[in-house]
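Let's take a walk through this structure together, one part at a time. Have the sequence and the 3D view side by side as you read.

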Amino acid sequence: MTRLMQLTLGIVTAIGGFVDIGNLVTSGIAGARFGMSLTWAIVLGTIGMTVFAEMAGRVSAVAGRAVFHAVRERLGVRTALINMVSSTVLNLLTLAAELGGVSLVLQLATGVNYLIWVPIVGLFCWLVVWRLPFSLLENVFGLLGLALIVFVVALFRLHPDWHGLWHGASHPSVAAGEGIPTYFFYAVSVFGACLVPYQVQFFSSGGREEHWNEKSIPDMRMNAIIGFPLGGLLSIAIMAVAVPVLQPLHVDVAHLGQVTLPVAQAAGVAGLAFVLLGFFAATFAAAAECTLATGYLISQYFGWSWGKSHRPAQAPRFHLVCIACVIAATGFILTTVDPITVTLVSVVLGAAAVPLTYFPVLMVANDRDYMGRHVNRAFSNTLGSVFLLLMLITSVATLPLLFITKAGL
Amino acid sequence: MLAGCVSPAINADGYRGKVSQSAKKMVGLVNAARLAAQLDLDGKMLHTITDNVVTDAEKDAQSVLSSLDSVQPPDESSIKLRSNADDVLQQAASQLADLRIAVRRRDQPSMRSTLGDLGKTLADVQHVQDVT
Amino acid sequence: MTRTMWANRDLLDRLLIAADGEHVGMVDDLELSDGPAPEITALLSGPTALGPRVGGRLGSWWLAVGRRLRPADDPYPNRVPFAQVTTINHRGIAVAVESAEVPTRRLRGWVHDKVIDRIPGSG
Amino acid sequence: MRATELLGCEVYDANGDLIGHVHDLRFEARAPSGRAKTGWQCRLTGIACGKRAPLGHRLGYGTADMAGPWPLSVIFRRRRQRSLEIDWTDVTRFERPRIHLLHGRAYYEGDAS
């Protein structure tokens, strides 16, 4: 494979890896309810994700430390344990949302109730984790996830009022009839959907799986700095198509099917086929990555051997954790709890939990003994500190918002 | 997502707000179902997705109704408001059910006529939303 | 050549890496010799070393789990003699022992034999 | 003796006043000599103790070469000054959970600056 192709592939998989059920749901809801006025939250979330992932990737490449090695080294046994447990619970919630999302997509495609699909999806998710080589997982689903570009195509075909969209995005205001807490609840959810802890855990541990070293840094940077913002653009496109189609009709998006309506209007059945393929790839890849990420973080805390480069027999505890995660998340979704609600709760709690993993990574990235000449520069540190502050504010605000707005109702 | 929130004791203003909220939600549900069905008639939809969107709308409409019914109207005028709004919302919900049946049977003429009925009911629902 | 090391920064909660590159646990505690000038004699790893550090009810529970996994009723944690250490750096602490011979992996063996090995396609 | 038994111990000076708790152990490490692969030696030479929770110390401020970020580096550097480093040779008695020192508090505080 030529160097250019390899680079393109990395960027493409970063785009596919960025978008998951959280982005699909929150962008759809936000576009229909608030127009473009929450674009800033996507932009902030995406920059945060890029900064965080680049830092974690650099730490992984130079110091050879995946996220939870850094967490345990820097926070000590007890704080890291609390951190590990809450990150695991959060990842399980996210995994449940993704598995539910895949099943809903299959329901949309086949008409068969999603609950029938849940165990099958869970089984396939585990099979992928159990047997499929790492690079295949990343590349195949990353490429298929690119089908979501149909949202961008649809946006152009809808001939929206571009000026109005831009004005909505650049002059954010709370839509009439919506409370300020509700607005900020959805701001947090959109922000949290872009800045997801499991994605960073996966990105940095994936770097260990692919044996990144100092030479991999430029590639890793390109993946993060080009791939994630393009993923953010995709999220904005999903939001923007809802504005001319769903907002005037006062549709309160609460189902995945509604998110597809603007594409149907703009691009018909062919467009929908792309949407379903893209939804499926994005959510399924996310489910597998979330499972792996949870296996990674628990194994890293305890110092167990981990990773897909090992056969299961060589990393038994890692694979046991993965199996347990899939079973727990599948069981949770089978209780018939609404997957869309689970998604919203998981992205919002995710936004609150980001500092748990971000903080230790920021510390290691600043440690000259570890990082040598790849230590954080003033630029990354300024951005890093600003985002630390932003994340802390989000964390503090999240729970009150969740209760005041009763999860955005 | 729409159900829940049973708030037993509210005043007349609160009740009015609740009715208005329910009407607003119903408008969104009817619109989503109409859009899906119309796109389906235009040959722009996958049938399974139309079915999903319309079925979801019907289910959500039922939960809007039951959530409104769970609130006790506090005074005489609220009871009057309720009987008026209830009729309109009930009609919307039952027409959504009709639409769902037509979609499942792939009965295009009946989809068209139900869409027409829904259009009229929508005006009534919007009226409920506006006056309250 | 000597250098200063700190328990928290350089030794505790570091990864233990076997000669074949496998991760074989975390340094959960250090064993020191008695006497006026204590020296590190071994790195301790596993639930019975981690439990006391976590403390509280969770710590004792973890300790109890660890004891169950021990062959005899011996609560002393797994020891990796300090004399076997080859390198100490930010990637972890490497020892000159193959992973199969590091005594930290009883839980791993149990999981492997009772669960993973019974699922097709694990080898 | 295990490191955990030392960490968290109360430290008393010669007058019997509580100075703080042990939050880290200092070692002098000697790498294997010549061509030998193994043979590290690590001798306990001191303890770090203080009244505050040693968060900054743990994170790396104080013992590591940290590049920032501001303002964390500033805050933790300031707090670090409240932490004392004491030579192990100054420990006269160690009975868990108490460590007794040879000199008075002022001696160590002067030494730390």
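Accessible areas here come from the Shrake-Rupley method with a 1.4 Å probe. Keep in mind as well that you are looking at a predicted model.

With that definition in hand, we can begin with chain D. Its accessible surface comes to about 6000 Å², and carbon and sulfur atoms account for 46% of that. Chain D has 113 residues, of which 44% are buried. Its secondary structure consists of four helices and six strands. If you trace the chain along its sequence, you meet these elements in the order α-β-β-β-α-α-β-β-β-α. How do its contacts spread along the sequence? Taking contacts in chain D between residues at least 6 apart in sequence, 53% join residues at least 24 apart.

Now zoom in on one strand of chain D, β3, which covers residues 41–50. Is this strand mostly covered or mostly uncovered? Eight of the ten residues in β3(D) are buried, so the strand is mostly covered, given that buried means under 20% relative accessible area. Next, look at the neighbours of β3(D). Strand β2 of chain D, residues 18–30, pairs with β3(D) in the antiparallel sense, over nine bridges. You can find one position in this pairing by locating D:H21, which stands opposite D:G50 of β3(D). The strand β3(D) is also joined to β4 of chain D, residues 84–87, by four bridges, and these two strands run antiparallel. Here, D:A48 has D:E85 in β4(D) as its bridge partner. While you have the strands in view, a general point may help: in a regular strand, side chains alternate between the two faces of the sheet.

Chain C comes next. It holds four helices and eight strands, and their order along the sequence is β-α-β-β-β-β-α-α-β-β-β-α. Of its 123 residues, 54% are buried. The accessible surface of chain C is about 5500 Å², with 54% of it belonging to carbon and sulfur atoms. For contacts in chain C between residues at least 6 apart in sequence, the share joining residues at least 24 apart is 48%.

How do the chains meet one another? Four pairs of chains are in contact, and among these, chains A and C share the most contacts. Chain B does not touch chain C, and their nearest C-alpha atoms are 37 Å apart. Chain B and chain D have no contact either, with their closest C-alpha atoms 42 Å apart.

Chain B also offers a helix to look at, α2, made up of the 23 residues 47–69. How far should this helix span? At 1.5 Å a residue, α2(B) should span 33 Å, and its end C-alpha atoms are indeed 33 Å apart, so the two values agree. The helix α2(B) is mostly covered, with 19 of its 23 residues buried. A general rule is handy whenever you look down a helix: an α-helix has 3.6 residues a turn, so residues three or four places apart point the same way.

Finally, let's turn to aromatic rings. Over all chains, the whole structure contains 20 aromatic pairs. One of them is formed by A:F18 and A:F228, whose ring centres are 5.9 Å apart, with 40° between the planes, a tilted arrangement. This pair links distant parts of the chain: A:F18 belongs to helix α1 of chain A (residues 3–18), A:F228 belongs to helix α11 of chain A (residues 217–245), and the two are 210 residues apart. Are these two residues buried or exposed? A:F18 counts as buried because its relative accessibility is 0%, and A:F228 is buried too, at 4%.

Helix α11 of chain A also contains A:A240. This alanine has a relative accessible area of 3%, so it is buried. Leaving aside residues up to four places away in sequence, A:A240 touches A:M36, A:L155 and A:L165. The C-alpha atoms of A:A240 and A:L155 are separated by 7.0 Å, although these residues are 85 apart along the chain.

Elsewhere in chain A, ring pairs link A:F34, A:W40, A:Y183, A:F184, A:F185 and A:Y186 into a cluster. Charged groups meet rings as well: A:R72 lies over the face of A:Y301, 4.8 Å from the ring centre, and the charged end of A:R74 sits over the ring of A:Y370, 5.1 Å from its centre.

Note on methods:
Residues are numbered from 1 along each chain as its sequence is written. Chains are lettered from A and ligands numbered from 1 in the order in which they are written. This is a predicted model: local features need pLDDT of at least 70, side-chain atom pairs count only at pLDDT 80 or more; totals for chains, interfaces and linings use all residues. Side-chain values use heavy atoms; hydrogens and water are left out. Buried means under 20% relative accessible area, exposed over 50%, partly exposed in between (1.4 Å probe, protein chains only). Two strands pair if DSSP finds at least two bridges between them. Rings of Phe, Tyr and Trp (its six-membered ring) pair if their centres lie within 6.5 Å; planes under 30 degrees apart count as stacked, over 60 as edge-to-face and the rest as tilted. A charge sits over a ring if NZ of Lys or CZ of Arg is within 6 Å of the ring centre and within 35 degrees of the ring normal. The expected span of a helix is 1.5 Å times one less than its number of residues. Contact means heavy atoms within 4.5 Å.
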